[in-house]
2 protein chains.
Amino acid sequence: MCANALKNMITLQKIAQLANVSVGTVDRVIHNRGRVSQKTADRIKRIIKELDYKPNILAQSLSLSRTREYNFGVLVPKPTQDGRYWELPVKGINKAREELNIYRVNTIYFLYDKYSEISFKKAFTKIFQSEKKLDGLIITPVLSQTAQDLIKKIPPDLPYVFLDSYIPQSNCLTYIGEESYQSGKLAATLMDILINSRGTIAAIKVRPKDNHLEDRVKGFRDYFKDKTNVTFKSFKANRKKDVRAFYNITRDIIKDIDNLKGIFVPNSTTYQIAECVKSYALDSGINIIGYDLVEENIFYLKKGIIKFLISQRSELQGYMCIYSLYKNIALHEKLKNKIMMPMDIITKDNIDYYHV
Amino acid sequence: MCANALKNMITLQKIAQLANVSVGTVDRVIHNRGRVSQKTADRIKRIIKELDYKPNILAQSLSLSRTREYNFGVLVPKPTQDGRYWELPVKGINKAREELNIYRVNTIYFLYDKYSEISFKKAFTKIFQSEKKLDGLIITPVLSQTAQDLIKKIPPDLPYVFLDSYIPQSNCLTYIGEESYQSGKLAATLMDILINSRGTIAAIKVRPKDNHLEDRVKGFRDYFKDKTNVTFKSFKANRKKDVRAFYNITRDIIKDIDNLKGIFVPNSTTYQIAECVKSYALDSGINIIGYDLVEENIFYLKKGIIKFLISQRSELQGYMCIYSLYKNIALHEKLKNKIMMPMDIITKDNIDYYHV
DNA sequence: ATTTACAGCGTGTGCGCTAACGCATTAAAG
DNA sequence: CTTTAATGCGTTAGCGCACACGCTGTAAAT
C-alpha cells in the first residue's frame, strides 16, 4: 500500500538515474543554475517533461526554510477608516500570512490616511526605508492621481499587486478586486425590483474622487438611463471635509426629493445613510442599497433599513493578495492579470452565513 | 535575517534540550506512544505548552509520507443526475484531493442512482468490500429512510461526514451543507419583492420525499403564511416515475392557475420549469426562483426566465468534505458539528463572477 | 607560459519530524 | 529463582529537496 504510493512518486533521484547523471546536475537544470552542457540539460529536461515531474513542495519548502524568507509590504488605508471597512482585507491578509507562516512569509504594514495625500505619500516613501528587504508589495491605490505618480517609483525588481482598486497603466502582477461598473448595474437591477420600476432614486457620489466608486455609480445610472418611469438624481458627499458627510447629505436628499423610493451608496459608509433615514424618514419606504459587510451596515441590514448589501469578498481579497504574491514569487507560478471577486448579494436572510 | 527566522522556530530538538531528554522521548509524549514515565511526560508537556509548540507540518508530512496514506470513500449520487448537479461537489472533491495529493490523500468513489433504493444499498455495501482500507467516508444520504438504517452498519472506527443532507441521529464528524429552511425563507423574501407582495405563487415539492428539499419548501411557505395578498399553492413532481416530471407538472400549473406570479423550485431541476414557461407562457411575467448553478439553469437565468438562483456553494461543499476528513483524521483537528455554507443569491448580473 | 575564469559534475549536509531499533531496567509470570 | 514481557529512554536512518563545497578540465586573458 505504502510501497505503491511511493512507487508513483517521481523524485530527483529517479530522474538522475534515468538521465545517468547525479542529482546535483538535475538540480542545476531545474533551477537554471547553469554549469550543465546543453546536451545533458536537454536530455534531462526531456525526461522531466515526460515523467511530468513536480517537485515535492513539502520537501522543497522544508529545505528552503533554512535560507529563504519572504517579506511582503502592505500599503493599505488604516483599518478603522470607512466604518472599519479596511479591517476586512487586513483580516484576510493576516489569515493568509498565518497559513503561510511555515513558508516563512511575513507582512509589514504601511498604513495611511485614505483621505490625506500627505499621509499616502509618507507611507509610500517608508516602503523604501524598510529595514527588511521587501520581496513583494500589496498596494491599495486610492487617490488615483497621486498613486499614479508614485507607482512609477517602484523599482522594477519589486513586484506588486493591487488590492481593491488599481492603476490602469502599470506593471502590477495582478489586480484583485471587483468589476465596479458591473457591480453598479447589479445594484441597479435590485433597486429596480425593489421600487417596482417607478419613482425617484438617488445615488451618492463620493469626494475626493475615486475611480472605483465612480464606476459603480456609472453602472447604476446607466441601467436606469432609458427607464422612463424612474428619475435618477445624484449627489456628492465630501468625506474629506466632513466624516459625517454621508449622514448630512442624506438629510438634504430626504427633504428635497419627494416620491423618493431608493438611495444607492457606492461604498461602505452606507450605515450613515441608514442612520439618517431611520431618524427622519423611517416609514417612508426608502430602499437603501449599499456596500460591504462592516458591522454597522450589518446592523441596519438586519433592522431592515438597508435592503441589500453588495459584498466584494473583502476578506478573501486580502487573503488572495498574499497568496498570489507567494505563488508568483516563491513558486514562480503565473498569475492572471485580473482576479475578479464574486459580487455577493446580502440580505437580512442570508447575512448570518457570510460570517467566516 | 534567516538566522532570525530560525531562532523563532521551536523544534523537538529544543524541547528535548530544555527537558533534558532525547527527541525520541519528546516524540513519544507528543504522540502518546507510551514508554515514558509520568514524571518526564508531564515535564515535557509543560514545556510544550509554555513554548506553544506547533509541529512543522511540512517536516511532519514529509516524514509521514514514507509510511502513511489516506483513503477516503465517497458515497454520492451519479454526477450526471439532477441536471448534472452532482458534478459540482465532485469537482470540489477532486480539487481538494489534488491539493492534498502531496499528503497522499486518495479518493474512492461509490456512486449510486439517487432515485433507486437498490442502487443506494448496493453502493453502500461495496464500501465494505473495498480492497483499499478506508480511513474516512463522505456520505450524501438521500432517500433518508434507507440511509438511516444503513448508516448504523458503519463500524465505529470508520469516521464519516455528511455532504448536502444529513441524518439527525448519527455519529458523523460533521455535516457540510446548507440551512435548508432558512434558504427557503430567503427565496420567499426575494419572491415577495419580485411579485410586489400580491398574486398567486406555486412551489413544487419533490418526490420521492427528501427532507432537505422539503425544508426549503417549508421555509418558503411559512414566510407567506400571514401575507393575505399572496396565495400559496404547492404541487408534487415525482421524479422517480418520470425524469421530465418537473416539466410536465409545470404545464398543468400554468394552465390551472390564473394570476400566477411566481414558481419556486427547491432543487436543481429548475431549468425544466423554465423550459416549460418559455414554451407556454413566455410573456406571462411568471417569476421563477430555483437552485444551484448547473449549466441549464445558468442558461435560463441569463435569458431572464429564471430570476434568481440560490447557490449553496456546491463545489466548496465537496472541497471542504475532503479537507475536513483530512484535518480530523490526519491532523487530529476538531471539527465543528455543522458547517453551513453561505446561500449565494445569483442573478444574471453576477453569475459570471461565480464561475471558479 | 602562466594565470584566471568558469563550465561540468559529484558529494554531503541540513530542513524538522517519525518510527524502528537497541539496550537497559523493572515488573509479571512461570 | 528464572524466564519472559513490559517499560523507559537514547540513537539514528530516512522523507525529497536545495545548495554550498570541492574537484577536474578547458578556454580565454595576461
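Reader: Where in chain A does A:R35 lie?
Author: This is a predicted model, in which local features need pLDDT of at least 70, side-chain atom pairs count only at pLDDT 80 or more, and totals for chains, interfaces and linings use all residues; side-chain values use heavy atoms, with hydrogens and water left out. Residues are numbered from 1 along each chain as its sequence is written, and chains are lettered from A and ligands numbered from 1 in the order in which they are written. Helices (DSSP runs of H or I, at least four residues) and strands (E, at least two) are numbered from the N terminus. In these terms, A:R35 lies in the loop between α3 and α4 (38-51) of chain A.

Reader: What is the phi of A:R35?
Author: Most residues other than glycine have a negative phi. A:R35 is not glycine and has a positive phi, near 60 degrees.

Reader: Which residues are the closest to DNA strand C?
Author: A residue counts as near a strand if one of its heavy atoms lies within 4 Å of it. By that rule 29 residues surround DNA strand C, and of the strand's atoms that come within 4 Å of the protein, sugar and phosphate account for 62%. The closest residues are A:S22, A:R28, A:R35, B:Y53 and B:S63.

Reader: Which element gives the most to the surface near DNA strand C?
Author: Three helices each supply at least two residues there: α3 (23-30) and α5 (57-64) of chain A, and α5 (57-64) of chain B. With four residues, the element that gives the most is α5(B).

Reader: Which side chain has an N or O atom 2.9 Å from a base oxygen of DNA strand C?
Author: A polar contact is a pair of N or O atoms within 3.5 Å; within protein, one must be able to donate a hydrogen and the other to accept it, and residues adjacent in sequence count only if both atoms are side-chain atoms. Phosphate oxygens of DNA strand C lie 3.2 Å from a polar side-chain atom of A:T40 and 2.7 Å from a side-chain N or O atom of B:Q60. The base oxygen is instead paired, at 2.9 Å, with the side chain of B:R35.

Reader: How far is a polar side-chain atom of B:R28 from a base oxygen of DNA strand D?
Author: B:R28 is among the nearest of the 30 residues around DNA strand D. Other pairs to this strand include a backbone N or O atom of A:N56 at 3.2 Å from a phosphate oxygen, and a polar side-chain atom of B:R66 at 3.4 Å from a base nitrogen. For B:R28 and the base oxygen, the distance is 2.4 Å.

Reader: How much area is buried between chain B and chain A?
Author: Contact (heavy atoms within 4.5 Å) joins 41 residues of chain B to 41 residues of chain A. Buried area is the accessible area (1.4 Å probe) that two parts lose on being put together, summed over both. Carbon and sulfur atoms give 64% of an area of about 3600 Å².

Reader: Which residue of A forms a salt bridge with B:R313?
Author: A salt bridge is a side-chain nitrogen of Lys or Arg within 4 Å of a carboxyl oxygen of Asp or Glu. The interface of chain B and chain A has two of them. In the one with B:R313, the closest N and O atoms are 3.9 Å apart and the partner is A:D344.

Reader: Which C-alpha of chain B is nearest the axis?
Author: Superposed by least squares on the C-alpha atoms of residues with pLDDT of at least 70 in both, chain B fits chain A after a rotation of 180 degrees with 0.0 Å of shift along its axis (RMSD 0.1 Å). The two copies are therefore related as by a two-fold rotation axis. At 2.5 Å from that axis, the nearest C-alpha in chain B is that of B:L58.

Reader: How many residues apart in sequence are the parts that A:K227 and A:D192 tie together?
Author: A:K227 and A:D192 form a salt bridge with the closest N and O atoms 3.5 Å apart. A:K227 is in the loop between α11 (211-224) and β7 (230-238) of chain A and A:D192 in helix α10 (residues 180-194) of chain A, so the parts tied together are separated in sequence by 35 residues.

Reader: Which residue does a cis peptide bond join to A:R207?
Author: Most peptide bonds are trans. The bond from B:R207 to B:P208 is cis, with omega near 0 degrees. In chain A, a cis bond with omega of about 0 degrees joins A:R207 to A:P208.
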